[in-house]
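This report looks at one helix and its surroundings, and then at the residues that meet a bound ligand. The sequence and structure are shown first.

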Amino acid sequence: MSQTLFEKIINKEIPADILYEDDISIVIKDISPQAPTHLLIIPKKVIPKLSDATKEDQEILGHLMLVAVKISDDLGLDETFRLVVNNGAKAGQSVFHLHLHLLSGRNLNWPPG
Ligand code: 5GP
């Protein structure tokens with residue numbers, strides 16, 4: 001099966017601004033930032049979308065959230081950020097390899113569009 005875009009980034013086959021990496025996840029800058037800080041927190045395991053995750057993925061999903069907090073602390077985001085998961089094309093998902101968007105650095109409106 002062909003690799004997802006994010007697998008190619010994880011495998012260093014295409015370049016990205018990598019801010020953090022561990023055995024389970026990688027954090028990159030979004031190529032089209034929607035806020036002064038817009039990062040993607042991506043599991044190395046390919047889970048196409050959140051609703052494809054299973055009980056087996058529980059540790060990975062929790063890990064991604066904790067990485068978000070660590071990165072926020074490391075970047076001095078003052079514990080102020082939004083996490084977004086677009087699940088499915090109609091919800092705005094364009095890359096079918098699960099990822100959390102971390103947005104910060106501007107006022108974020110609610111409800112989101
Ligand atoms: P989604 O729409 O699936 O929730 O989010 C995919 C995100 O990946 C988008 O915000 C888009 O800007 C970002 N993206 C798409 N292609 C690339 C790329 O080649 N490099 C990086 N760093 N981000 C990308």
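## Basis for the contacts

A polar contact is taken here as a pair of N or O atoms within 3.5 Å. The model is predicted, and the distances below should be read with that in mind.

## Ligand surroundings

By that cut-off, an N or O atom in the side chain of His 99 makes a polar contact with an oxygen atom of the ligand, at 2.9 Å. The side chain of Asn 86 likewise places an N or O atom 2.8 Å from an oxygen atom of the ligand, while Gly 92 contributes a backbone N or O atom, which lies 2.9 Å from a ligand oxygen atom. The protein buries 82% of the 520 Å² that the ligand exposes when taken alone.

Around the ligand there are 16 residues, of which Asp 30, Asn 86, Gly 92, Ser 94 and His 101 come nearest.

## Helix α2

Helix α2 comprises the 18 residues 58-75, and the 26 Å from its first C-alpha to its last is close to the 26 Å expected at 1.5 Å a residue. Just after α2, Gly 76 takes a positive phi of about 65°.

## Buried and exposed sides of α2

Within α2, the buried residues include Ile 60, Leu 64, Val 67, Ala 68, Ile 71 and Ser 72. Because these residues cover an arc of only 135° around the axis, they lie on the same side of α2. The cover over the buried residues of α2 includes the strands β1 (18-21), β2 (25-29), β3 (37-43), β4 (82-84) and β5 (100-104), whereas the face turned away from the buried side carries the exposed residues Glu 59 and Leu 66.

Definitions and conventions
Residues numbered from 1 in each chain as written. Predicted model: local features only at pLDDT ≥ 70, side-chain atom pairs only at ≥ 80, totals over all residues. Heavy atoms only, no water. Helix = DSSP H or I, 4+ residues; strand = E, 2+ residues; numbered from the N terminus. Expected span 1.5 Å × (residues − 1). Buried < 20%, exposed > 50% of the residue type's maximum accessible area, 1.4 Å probe, protein only. Arc of directions from axis to C-beta. Contact = heavy atoms within 4.5 Å. Near = heavy atom within 4 Å. Polar contact = N/O pair within 3.5 Å; in protein donor to acceptor, adjacent residues only side chain to side chain. Areas by Shrake-Rupley, 256 points an atom, 1.4 Å probe, with all protein chains shown as cover.
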